[in-house]
Each structure stands twice: as structure tokens, then as C-alpha cells.
Amino acid sequence: MSDCLFCKIINKEIPSLVVYEDDLCLAFRDIAPQAPCHILLIPKKHIPSMAEVCDEDASLMAHLMTKIPLIAAKEALTGGFRVVTNSGEDGAQSVKHLHFHILGGKALSGQMG
Ligand code: AMP
């Protein structure tokens, strides 16, 4: 999608600090980190949010999930971490390209909403 911020990051039209990349996904550092380690993991396919994930995305979603422990290990998040995806208005999603926040590097609060 030409007007999507994260598609522009995928296409390197906008710079980012990449921590992992393969044919199907990209992980990069969040520009406004909410924890010492705050990484966004995104599919290269433009999927607007979790609400639009469908059956044909099943293997892509599995691919993304298996990259999370790999990224966590690379970032030495040995004490644990949190994975969050915001979806839609009530979910406070600001960028309309599916992304998983990976947060860690400190003991996070128990608050979820
Ligand atoms: P959400 O509010 O769940 O849609 O998350 C969007 C995230 O994208 C926020 O945590 C932003 O800080 C982050 N973000 C926005 N623009 C950029 C950018 N250019 N590079 C890295 N992260 C960004």
C-alpha cells in the first residue's frame, strides 16, 4: 500500500533500525519505545489489522509467531517479554498495518487496559 507508513519502512523509503528481516516479515525498533526493548514485528504483506487476518494468512501468522522467540533471544530478553497487537479504534491502533509489539528489558506492569 503506497500510503502506508509500515509498507514504506518495508520498502526502505523510510529508515528504521532493523533487528530481523526475511522474505515474509520485518522487525524493527519502535521510534517511541515504551520499554528498554520495544520492537515491532510486521508481515511484509499489507494486512490492515488483526481483524483482517484470514485463513489464507495462517502459515504467515505461524511464521511471525515463530520469529518472536528468536528476536527475544537475540535481544537477550531472558527475564521474559510481552507481545501486544492493537486492533482498530477501541484497540488504540494508530498504524493500520498489522504489527506485534515485543516489549521487554524490564519488569513490565501488570496493567493490560
Ligand atoms: P499502534 O499504536 O499499536 O498502532 O503502534 C504503532 C507504533 O508504531 C507506535 O508504538 C509508534 O511509536 C510506532 N511508530 C510510528 N512511526 C514509526 C517509525 N517511523 N518507526 C518506528 N516505529 C514507529
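Mentor: A residue is called buried when its relative accessible area is under 20%. The model before us is predicted.

Trainee: How should that cut-off be applied to Cys37; is it buried or exposed?

Mentor: Cys37 has a relative accessibility of 5%, so it counts as buried. Cys25 is buried as well, with a relative accessible area of 0%.

Trainee: How many disulfides does the structure hold?

Mentor: A disulfide is a covalent bond that joins the sulfur atoms of two cysteines. This structure holds 0 disulfides. Cys25 takes part in none, and the nearest cysteine sulfur, that of Cys7, lies 14 Å away.

Trainee: Why is Cys37 not bonded to Cys25?

Mentor: A disulfide requires two cysteine sulfur atoms within 2.5 Å. The sulfur of Cys37 is 15 Å from that of Cys25, its closest cysteine sulfur, and this is too far for a bond.

Trainee: Let us turn to the ligand. Where does the ligand sit, and which residues are closest?

Mentor: The ligand occupies the largest pocket. Around it are 16 residues, of which Asp30, Asn86, Ser94, His99 and His101 are the closest.

Trainee: Which element gives the most to the shell around the ligand?

Mentor: H1 does, with 3 residues. Helix H1 (5-10) and strand S2 (25-29) each supply at least two residues of that shell.

Trainee: What distances separate ligand oxygen atoms from side-chain N or O atoms of Asp30, Asn86 and His99?

Mentor: The distance is 2.5 Å for Asp30, 2.8 Å for Asn86 and 2.9 Å for His99. Taken alone, the ligand exposes 500 Å², and the protein buries 83% of that.

How values were computed:
Residues are numbered from 1 along each chain as its sequence is written. This is a predicted model: local features need pLDDT of at least 70, side-chain atom pairs count only at pLDDT 80 or more; totals for chains, interfaces and linings use all residues. Side-chain values use heavy atoms; hydrogens and water are left out. Buried means under 20% relative accessible area, exposed over 50%, partly exposed in between (1.4 Å probe, protein chains only). A residue is near a molecule or strand if one of its heavy atoms lies within 4 Å of it. A polar contact is a pair of N or O atoms within 3.5 Å; within protein, one must be able to donate a hydrogen and the other to accept it, and residues adjacent in sequence count only if both atoms are side-chain atoms. Accessible areas come from the Shrake-Rupley method with a 1.4 Å probe; for residues, only the protein chains shown count as cover. On a 1 Å grid over the protein atoms alone, a cavity is a set of points where a 1.4 Å probe fits but cannot get out, and a pocket is an open set with protein on both sides within 12 Å along at least five of seven lines; lining residues have an atom within 4 Å of a point. A molecule sits in a cavity or pocket if more than half of its atoms lie within 2 Å of its grid points. Helices (H or I, at least four residues) and strands (E, at least two) are DSSP runs, numbered from the N terminus.
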